[in-house]
2 protein chains.
Amino acid sequence: MTQKKFTEESDLSLKLFVVLTRALQSVEKQIIKDIKKHGLNLSEFAVLELLYNKGDQPIQKIGQKVLLASSSMTYVVDKLEKKEYLKRRACSEDRRVTYATITEKGKILMDDIFPKHKEAINQIMAGLNSNEKEAMIEQLKKLGYYAQDL
Amino acid sequence: MTQKKFTEESDLSLKLFVVLTRALQSVEKQIIKDIKKHGLNLSEFAVLELLYNKGDQPIQKIGQKVLLASSSMTYVVDKLEKKEYLKRRACSEDRRVTYATITEKGKILMDDIFPKHKEAINQIMAGLNSNEKEAMIEQLKKLGYYAQDL
DNA sequence: TATAATTAATTCGAATTCGAGATAATTACG
DNA sequence: CGTAATTATCTCGAATTCGAATTAATTATA
């Protein structure tokens with residue numbers, strides 16, 4: 001009998017990875033569909049949401065939060081600037097830094113789509129109840145923090 | 001007092017989405033680093049892993065499992081074929097279909113890297129114990145299945 | 001059976017992302 | 001102080017992904 005008597009820890013970890021990937025892809029697909037209706041892609045939305053909810057940010061900081069490379073940030077900020085949803089603003093204390101600021105037009109857009117977006121996510125997440133969500137948030141934080149420091 | 005007395009469900013859902021995204025990105029970043037060492041990207045690895053563990057598959061089926069568009073599948077399969085890790089094989093019953101088959105060279109590669117990959121994931125997932133992993137798998141399945149059918 | 005609808009794979013062009021290298025500014029330190 | 005190291009942004013080319021349209025084959029249906 002060469003069969004294993006119980007599942008190895010590494011099989012479980014692999015399974016978790018696969019399920020985690022699948023779940024997020026399912027969820028993300030819906031979200032992207034939702035955002036696309038408003039003429040933005042996920043990265044553009046993520047940047048705009050950050051400025052909308054957290055105020056002006058150096059481009060570099062935005063990249064850290066939305067997990068895009070600096071070269072990608074230049075591209076995304078360019079696009080949003082062309083659409084007039086944000087403006088670049090020089091930093092006077094440190095002249096290497098450029099802030100991104102949401103414009104009035106950008107605010108108006110986000111006033112419209114952010115609540116809808118939030119509700120759409122809520123619908124998508126309706127497979128879990130409040131307690132399950134709370135629990136999962138805790139677990140995922142543990143996992144995320146741990147993986148980050150490897 | 002206009003302040004909310006408790007967190008809305010939609011805030012919780014949003015939080016869960018953000019944490020889910022962050023956690024997976026942290027984890028995925030490590031995985032990609034691991035796979036890159038062997039000269040493959042995540043999509044190439046996913047395709048090869050499927051053939052390695054589940055045997056020959058029609059290209060179309062592979063795309064469904066690894067969540068890539070059909071045009072992307074053509075691209076990835078082309079690359080793997082050039083590297084001689086898989087071969088295309090015509091299906092005689094249905095001549096629209098092309099199977100992908102892992103080659104001996106592909107098997108040898110996967111014999112080398114799959115166990116390492118699995119162990120790497122296991123390391124990355126070490127922030128959670130077995131019970132926590134099992135629980136999270138169940139929750140994520142619920143979430144993923146639900147989101148899929150929206 | 002002939003025609004219509006569906007399905008699998010591909011081609012093509014566009015969008016997005018990255019990494020490496022360049023530039024300019026700031027900070028650390030001998 | 002002046003030089004070295006670091007930091008923020010950008011440019012450029014390559015890789016990856018997608019969607020729409022195409023081709024060929026199969027299945028459904030009038």
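**Exercises on chain A and DNA strand C**

A compact globule of 150 residues would have a radius of gyration near 15 Å, whereas chain A has 20 Å. That radius is taken over C-alpha atoms, and the globule rule is 2.2 Å times the number of residues to the power 0.38. The model is predicted: local features need pLDDT of at least 70, side-chain atom pairs count only at pLDDT 80 or more, and totals for chains, interfaces and linings use all residues. Residues are numbered from 1 along each chain as its sequence is written, while chains are lettered from A and ligands numbered from 1 in the order in which they are written.

**Exercise 1.** Describe the elements and extent of chain A.

*Solution.*
- Step 1: Chain A has 6 helices and 3 strands, which are DSSP runs numbered from the N terminus (helices: H or I, at least four residues; strands: E, at least two).
- Step 2: Read from the N terminus, the order in chain A is α-α-β-α-α-β-β-α-α.
- Step 3: The C-alpha trace of chain A spans about 70 × 35 × 25 Å along its principal axes.

**Exercise 2.** Find the residues that surround DNA strand C.

*Solution.*
- Step 1: Count a residue as near the strand if its C-beta atom, placed from the backbone, lies within 6 Å of it.
- Step 2: This gives 24 residues around DNA strand C, with Ser71(A), Ser72(A), Gln60(B), Ser70(B) and Ser71(B) the closest.
- Step 3: Two or more residues each come from helix H2 (42-54) and helix H4 (70-82) of chain A, and from helix H3 (59-66) and helix H4 (70-82) of chain B.
- Step 4: H4(A) gives the largest share of this surface, 5 residues.
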